[in-house]
Structures are given as C-alpha cells and as structure tokens.
Amino acid sequence: MAGSTLEIKNLHVSIEGKEILKGVDLTVKGGEFHAIMGPNGTGKSTLASAIMGHPKYEVTEGSILLDGEDVLEMEVDERARAGLFLAMQYPSEISGVTTSDFLRSAINARREEGDEIPLMKFIKGLDSDLDFLEIDKSMATRYLNEGFSGGEKKRNEILQLMQLKPEIAILDEIDSGLDIDALKVVSKGINKMRSEDFGCLIITHYQRLLNYITPDFVHVMMQGRVVKSGGPELAQRLEAEGYDWIKEELGIEDETVEQNA
Amino acid sequence: MAKKAPEIEEYKYGFRDKDVSIFRTERGLTRRVVEEISKMKEEPQWMLDYRLKALEHFYERPMPQWGGDLSGLDFDEIVYYVKPSEKQGRTWDEVPAEIKQTFDKLGIPEAEQKYLAGVSAQYESEVVYHSLKEDLENLGIIFKDTDSALKEHEELFKEYFGTVIPYSDNKFSALNSAVWSGGSFIYVPKGVKTNTPLQAYFRINSENMGQFERTLIIVDEGASVHYVEGCTAPVYTTNSLHSAVVEIIVKKDGYCRYTTIQNWANNVYNLVTKRAVCDANATMEWIDGNIGSKLTMKYPAIILKGEGARGNTISIAIAGKGQVQDAGAKMHHLAPNTSSTIVSKSFSKQGGNVTYRGLVHFGRKADGARANIECDTLILDNESMSDTIPYNEILNDNISLEHEAKVSKVSEEQLFYLMSRGLTEEEATEMIVMGFIEPFTKELPMEYAVEMNRLIKFEMEGSIG
C-alpha cells in the first residue's frame, strides 16, 4: 500500500468547554477520497481544525495517528511537515508577504536546510500550477490573500495544495462561495492530485462539488459523530432526498451540536 | 504552543576593538573642550564663535520635559571628541588595520565594492576613510566629510550651515552645534542627477563617547541625489549619546532621498534633529529606520516652502526590552499645492514602548495642500506598549488631510494559517512582521533590504515563548 494513513479514533473535541465532536472514527488512506457531508453546525469544520491542531480546539478524548505517529503530540507546523494539509474555509490575509515568497518558504520548510528548492524550478512549477488553475500570474506577486475575492482565496488554497503536495489533505468547504466555473477549476486541481500517494478528506454540505470530484467514500456527520458511511451513491441520495431520511432512520431530532457550534 | 525561549543574545555588533584613539577631550562639556575641538580641527574663527554661542545656548536651555525619560543622561560623563587616527585615509590601504578590522566585521569593504560610489565611513568622531568615485567628481558632486568640506569649500559651507536648523532650535541642536564632528557634506550642482546612492557608515566605538555628526546636503535646482547611511554601535555598560543634526536644502525641482537605518545598542540615547527645506516643486523623502537604542527621539521634518513641493516620510521603529522609541515625522505646508505623505510602521516586543509623535502643519498660504498620514503599529506580546500622538495645525480651510491609525496584534488565525503550511511559530511570526514592515523595506537599496531582514530576524530571536 502506497501513501500515508490518517486514523481518527473516538475523537472528542471541545471549544471553550463545549463538546462539539463526540466520538468521531474515520480512516483515510493514500489513494482514497473521502467526503464528509452534513448540515451546518454538526461539527464538520471542527473536525478539520482539530486534525490540523488549531489552538482553540481542545481534544478531550480519542486519538489521531498519521502512519502510526501521534498527531496530537505535534505542533501545527510539525503536523504540516509530517504530511497534513488543511485548505481553509477562511484563509487569513498576510499583508506584505507575496504569495510566491510565502509558497517558497512553505516548500522549503519541508525540505532540509541546504536542500532548498532551486529558484528556477520553483518558478517553473508555480507558473505551471497557476496556468492549470487559470489564475492570473499577478497573484504570485500579490500579498497573500489580501484583497482577494472569495474565489481567488479558494483557488489560492488549491494552488498551495498543488505546490506543497501533502500526503493527506483536508479541504474545508472549498466549494463555498464559488461560481460554477471556479468550482470546475478548483475540482480540476484537486483531481490532478489524485494518486496512490495522496489521500483527501473533502468537507462540504453541498453535493454539487461531488459532481466534479468523485469520492470513494461518503460520510454523514450529525451531532458531532459520523452517523452513516457509504459510497458515492450516498451523496446522490442526499442530493435528491436531503438529510431527513437519515434523521428518521437513526431517530435523530436535531442534527446540530447544540446551537450552531 | 510551549517552546523554550532562546536566551536573549548579546547585541549582534557588540564586539569592541581596542581603543586606538590618539586624542580625546576630557569628560564633560566646558568652554575649553569646545575650544580644543575647534583648534584640533584648525577651524576658522567664525566656526569657533558659532560653537561657543551654541554652547551658551545649550547651558541656558532646559532639558525637554516631553517624549522619553532623559534623566539617565549625564552630560558630565560624556567625552565630546575623540580623534581615532592621525589623518584621514583616502584609500582603503591607508586605513589603520584595527579600524579596518571593525569595518570588516560590518561588511563595509564588500558593500563598497559592490554598490558604493563613494564611501564616507565615520569611525568615532572623525572620518577615516573617504573615497569618491571619479564619475561623481566629474559630475561636480561634492561628497566629503563635513570637516573637510569646511576647509575646502568654506564659502558654500558658510552659506548654508545652520540655516535649516539653527543652534537655538532645541537643546540637542545646540549641543551638536557646539561639539559637532564629522558627518557628511554633499553638494549636487544644478541639473545633476545621480542614480547611485551615496553612502556612509557610522559607528560609535568609545565608551561614553557622544557622536555628534553634522550632515549638510544641498541639492541645487533640478538636481537629484539619494544618500544612505547605516549605523551600528557596540554594547557598553554606561550610557552613550548620539545626537546628530542633519540639514537638507532642496532647491526648485530638486529631489533628495535620505535613507537611514539605525541599529543602536540598547544603552544609547539617540536624539537627532533632521530637517529639510523644499523650494517650489522640489521633493524630499526621509526613509528612516530606527532599531534599538535606549531611547530614540527623532522626528524628521520637511518644510514645504515652495509651491508644489512634496514631502514623503516612511519610517519604522522597533522597540524591544527596555527600549523606548519616540519617533515620527513633521510636515510644514507653507505654500500652495504642497503635498505630503507619512507612513509610520512600528512594532514593540518584550515590553518595548513605541510612540508615534507627528506634526502636520498647514500655514495660511497652503491653498490646495494635501497630507496623508498612515500609522500602523504591531504589538507582539502583552507586555509591550504603543501610543500614537498626532498633532495637526490647520490655518487654511482649503486643504485636505487624511489620517489613518491602526494598532494590531499578530493574530492566532494568521499564525495557525502559516504554521499549517509548515512554518514554525518563529518563522511564521517573523514572516508576519516582515510583511508588516514591507512598505519600508521595499524602499531600501538591495543590500540594505538584506541587512534589514537580517536585523529583524535577529531582533525576533527570543521574542517567541
């Protein structure tokens, strides 16, 4: 088996003392695309942030392992260097730092000192990914996310994904706020990553994205847990019938984790 | 994110060479000291008279009671003049080995080879090395240390010296006028433009020795010049004083940019008066970087006295542990359609204190004048402080003034974002800080930008914990 394995076991996560995730189990392997779906407020984004180690999210129980290594023991940057990547729903703006300078630093952060990426190789790779994602070249010299439109930010996240080539990526609502053309381009970028060495966890509450990216597995989250898993056909049924049938099937009244957490 | 904070390292350029001086005045400031300085320099009588008048004024003038705390400054403990070597070195070979070694550590010869058109490197009070490339000489540009300029271009010197900043301007301009030594003198003749920056390096290297350099730049009609100075100073246990005066005259249609990076050791009082006067359609730009020192009080000023004159000041101030940066800018709009911009970027860390103090004045004749002020402050931790004190004086209705002030902290979200891409917390913070001061660094000549980045990196070490 090629690629890495991310194992999440019985994960409980709280924000400011309030429990949001109540025992999530999930395994993502190299070569696999997983989609996590579910209505708003069920803990999907919390899962994404907790895996990456956002300081606001406290893991109270359970484990996250990457190829057997304890992810919870790692700092955020160590998780990144171990092979994890999170495409964020709301990427921060970093004034005065150009996209290309930032990318080069991030690439070099994963390489040994003295083995930095040669400048020409970096520029070529960047140019080719910019073209592939139909991003104007000027983005490379613009300050990271500053003044970017919503769509530009999302494309930039995928640009970073392509440039950094992580083992396991988590995409947190990468489709939100995208028009159909942008959605196609973003999907094209994600699909290009598909290989035995790359695993992906796609968080979305619209099936729309899954018309362009076919997941191998689909999971439904409610009340801070994965309540149902299946193949791509599960996403299609959700699109056609909504979430009510799952709630009925499982006897769930309110799918959210208290109020809109 | 628990991480062990590295020990605060010694000041980077805090190496100290053996004292090679051949002459120094006694400690303290007396009439005799001033006479001795003037005599050593074989100055004309009028300069001695000027110095003595300034000295009287210095005695009479009370200490400023605003800005930073000057109570630790003891004028009797300072040596006012040190002459480091017998004569001024014209070529690099002639410079004494020990002094050269100090410069070597600062990377000066290398910088010269690559970028410099002329070097005027001030070591202690006297300029020891001063070369001017032929092309500048051929253009008629005079670029000398101020002492030589007084000897060789006395008439020109006398015409402008003290006209922008009289000794009576403030206590420290009086002090400088009494004991000044060294500094740069530049005259750019009518219509002469040079793209190569003229550069000088300064360094204090004697305990308790004040450095009182005096710089005078005259940019004649339609001429253009960029002057660059960078400073580093070694660590000493007792207080040092740096009190310079910089006077600049930019005539009609002229252009002058003055770039400074000062990286003083944290026991230096840095009290500097800088002022430029612009005639019609002339442009003056101060690019002013203040790092280190115990206390800096510095407010580069531009007097826009001719119609259509322009002034820009871009500054950064960085205050670390035990440091106070009280810095800013002044713009005096005295003529119609004058315009100015002030961009001030400051950050404080480890309990440092930065204050932006600025003045924008619109006189009665300033019809159609415009000013834009932008002050941004970044605070790196909870112990550090920042303050913004802008003064506006408006005596004319037909003007426009914009002021924007922003105080921010490095946000958890920004750190998380950058760290999620593999940068360590230190690298991420550094990147945010570098980005914050980028509007300043991008104005610097290449090798200064590199040095600046290096200094910031060094400054940032030990800031995260």
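Which residue in strand 18 of chain B is the bridge partner of Thr296(B)? In this predicted model, the bridge partner of Thr296(B) in strand 18 of chain B is Gln325(B). That pair offers a way into chain B, and strand 18 is a convenient place from which to explore the chain.

Strand 18 of chain B covers residues 324-333, and 10 of its 10 residues are buried. The covering extends to both faces of the strand. On one side the buried residues are Val324(B), Asp326(B), Gly328(B), Lys330(B) and His332(B), while on the other they are Gln325(B), Ala327(B), Ala329(B), Met331(B) and His333(B).

Several strands pair with strand 18 of chain B. Strand 15 of chain B, residues 295-298, runs parallel to strand 18 and is joined to it by four bridges. Strand 16 of chain B, residues 301-304, is likewise parallel to strand 18, again with four bridges; here Ile303(B) stands opposite His332(B). Strand 20 of chain B, residues 353-362, is also parallel to strand 18, and 10 bridges join the two. Within strand 20, Tyr356(B) is the bridge partner of Ala327(B).

The view may now widen to the whole of chain B. Its secondary structure consists of 12 helices and 23 strands, and 55% of its 465 residues are buried. Of the contacts in chain B between residues at least 6 apart in sequence, 83% join residues at least 24 apart.

Chain B is divided into domain 1, residues 23-410, and domain 2, residues 411-465. Where these domains meet, domain 1 of chain B contributes 25 residues and domain 2 of chain B contributes 20 residues. The elements that give two or more residues to the domain 1 side are helix 4 (108-115) and strands 9 (224-232), 12 (255-264), 14 (283-292), 17 (310-319) and 19 (339-348) of chain B. By residue type, that side of domain 1 divides into 15 nonpolar, six polar and four charged residues.

Chain A contains an open sheet of six strands with mixed pairing, in the order 6-7-8-3-9-10. Strand 6 (84-87) and strand 10 (225-230) of chain A are the edge strands, each pairing on one side only. From one strand to the next, the twist averages 20°. Within this sheet, strand 7 (residues 168-172) and strand 8 (residues 199-203) of chain A pair in the parallel sense over five bridges, and Gly199(A) in strand 8 is the bridge partner of Ile168(A). Helix 1 of chain A, residues 44-52, lies across strands 3, 6, 7, 8 and 9 of chain A and runs at about 145° to strand 7.

Two other helices of chain A meet one another. The axes of helix 3 and helix 5 of chain A come within 10 Å and cross at roughly 35°, and the crossing is right-handed. Thr99(A), Leu103(A), Ala106(A) and Ile107(A) in helix 3 meet Asn156(A), Gln160(A), Gln163(A) and Leu164(A) in helix 5. The residues of this contact divide into four nonpolar, four polar and no charged.

Finally, the two chains touch each other through 22 residues from chain A and 20 residues from chain B. Helix 3 (99-109) and helix 5 (150-164) of chain A reappear here: together with helix 2 (76-82) of chain A, each supplies at least two residues of the side of chain A that touches chain B. The largest share of that side, four residues, comes from helix 2 of chain A. The residues of this side of chain A divide into 12 nonpolar, six polar and four charged.

Conventions. Residues are numbered from 1 along each chain as its sequence is written. Chains are lettered from A and ligands numbered from 1 in the order in which they are written. This is a predicted model: local features need pLDDT of at least 70, side-chain atom pairs count only at pLDDT 80 or more; totals for chains, interfaces and linings use all residues. Two residues are in contact if their C-beta atoms, placed from the backbone, lie within 7 Å. Ala, Val, Leu, Ile, Met, Phe, Trp, Tyr, Cys and Pro count as nonpolar, Asp, Glu, Lys and Arg as charged, and the others, Gly among them, as polar. A residue is buried if 20 or more other C-beta atoms lie within 10 Å of its own, exposed if 12 or fewer, and partly exposed in between; C-beta atoms are placed from the backbone. Two strands pair if DSSP finds at least two bridges between them. Axes are lines fitted to C-alpha atoms, for helices over the stretch in contact, and angles run from 0 to 180 degrees between N-to-C directions. Domain bounds come from an automatic or database domain assignment. A crossing is left-handed if the near helix is turned anticlockwise from the far one by less than a right angle, and right-handed if clockwise.
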